[in-house]
Amino acid sequence: MKYDVVIIGAGPGGIFAAYELVKEDKGLKVAVFEAGNELSKRKCPIDGNKIKSCIGCKTCSIMSGFGGAGAFSDGKYNITNDFGGTLYQYIGEKQALDLMHYVDQINMQFGGEGTKMYSTAGTKFKKLCLQHELKLLDASVRHLGTDKNYTVLENLYNFLKDRVDFFFNTHVDHIRKTENGYEVEANGQVYSCDKCIISVGRSGSKWMERICKEMKIPTTSNRVDIGVRVELPAVIFSHLTDELYESKIVYQTKQFEDRVRTFCMNPYGEVVNENTNGIITVNGHSYESADKHTDNTNFALLVAKHFSEPFKDSNGYGESIARLSNMLGGGVIVQRFGDLIRGRRSNHDRMANCTTRPTLKATPGDLSLVLPKRILDGIIEMIYALDKIAPGTANDDTLLYGVEVKFYNMEVKLDENLQTKHEGLYIIGDGSGVTHSLSHASASGVYVARQIL
Ligand SMILES: Cc1cc2nc3c(=O)[nH]c(=O)nc-3n(C[C@H](O)[C@H](O)[C@H](O)COP(=O)(O)OP(=O)(O)OC[C@H]3O[C@@H](n4cnc5c(N)ncnc54)[C@H](O)[C@@H]3O)c2cc1C
């Protein structure tokens, strides 16, 4: 079987690459190989009753399948070069932003219409943050919400399915360079193509490492972000979230001069489990539709940890910390802020008296037994700093869930076309280490499709 272009991975990177290719050149033969299921069949078996924890499915329906890792996410498309990846370093700031706006237009066309775009431009909160040693980063954010995000993906799939050959439940095992292109091997079958786009995201990080080794593509890796998810009554942050939806705020700690940042803010949202390679960490999302809103807002507070020689396995370090919380709590641990600063664990009685009602069933415990002191001290300092712009943040009943880990793929050496040293082999999205977000991953897909066209 011979294709003009083979795309590996049907996350936002792969989807937008396919979309751009077939929209612009109707004669092009394109195949997409995806380890997970098609969208309608993506279902995590954890129902909270019969199945309470991860049973290690062959492919994780939360992370894999059409729509990729973001399919059940909050669908926040941040249009900015300030965070979410370093695509602009390869393709220039203007082009990166233009492509993110283009992706936004497509999302609107495919069912996202009517959703709100928030912006930090001209906001009074910049000054308020600076007055309290906090920095608010610039961004526009489109909040599709978990519900609309799914609709957009459904519509994109309906558009693509007659124009592209999709192979679901088909994990690509090998890639080989041939005289005129590439061969990919999946389920024992070999498919050839002129150009190959790899877009395997975070779930494909270990596979990506192997392929880079086999094909002698240089990589670097040294970062992991570790922290907690904060949950508090939505009214405490509503002045910020009503105007900005998500505020990315950075704080430099006094004690160690480490940078702590807010990440993935979900007004009126839910805290959820996330399963990465069998390790349970925490995340959050929220719905567009008001009838699915909760009374709480959640966001992560993360500290970036960079390692220097000889240590190389930054993700392994993050996994070990997450494993420790799983060992103590059987999954995610929750602790009241008041208990943390008093040096005691949260238990069922203290949680029962807590005025903030948790949206995730987690084990009450002690995060100081899990997180390294330096990271925990930074988080506590930042909670007090946030309390100045959002009084009530440092309340005893603010909930902290741990741990939240943001794993980074190793960064693959690519040229300005996002092409590897092998001509016609491109790596995009989070799997390349260049992007860490829906908008950057999608934009990288459009960009490479245009290079190929
Ligand atoms: C719970 C959650 C919430 C999130 N919320 C947001 C948010 O609101 N905003 C935001 O910007 N980002 C968010 N993110 C991050 C965002 O989802 C990712 O940045 C984005 O999905 C990256 O897109 P991608 O196409 O590079 O990779 P992915 O979306 O990870 O897709 C890669 C796909 O490749 C497949 N694959 C892997 N290896 C192979 C192989 N060998 N063969 C075949 N297929 C393979 C996988 O099954 C997967 O479907 C969230 C992530 C999670 C987990």
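So, the shell around the ligand: its residues split into eleven nonpolar, 24 polar and six charged. For that split, Ala, Val, Leu, Ile, Met, Phe, Trp, Tyr, Cys and Pro count as nonpolar, Asp, Glu, Lys and Arg as charged, and the others, Gly among them, as polar. Keep in mind this is a predicted model, where local features need pLDDT of at least 70, side-chain atom pairs count only at pLDDT 80 or more, and totals for chains, interfaces and linings use all residues. Numbering runs from 1 along each chain as its sequence is written.

Altogether 41 residues surround the ligand (C-beta, placed from the backbone, within 6 Å of it), and the closest are Gly9, Gly11, Gly68, Gly201 and Gly429. At least two shell residues come from each of α1 (12-24), β3 and α12 (438-452). Helices here are DSSP runs of H or I, at least four residues, and strands are runs of E, at least two, numbered from the N terminus.

Okay, the sheet. We have an open one with eight strands, mixed pairing, in the order β5-β13-β14-β17-β12-β20-β18-β19; pairing takes at least two DSSP bridges between two strands. β5 (134-136) and β19 (363-364) sit at the edges with a single partner strand each, so one side of each has no neighbour in the sheet. β19 pairs with β18 (residues 333-336) in the parallel sense, over two bridges, with isoleucine 333 opposite threonine 363.

Last stop, threonine 59, in the loop between β2 (30-33) and β3 (76-79). Buried or exposed? Partly exposed, because threonine 59 has 17 C-beta neighbours inside 10 Å; 20 or more would be buried, 12 or fewer exposed, with C-beta atoms placed from the backbone.
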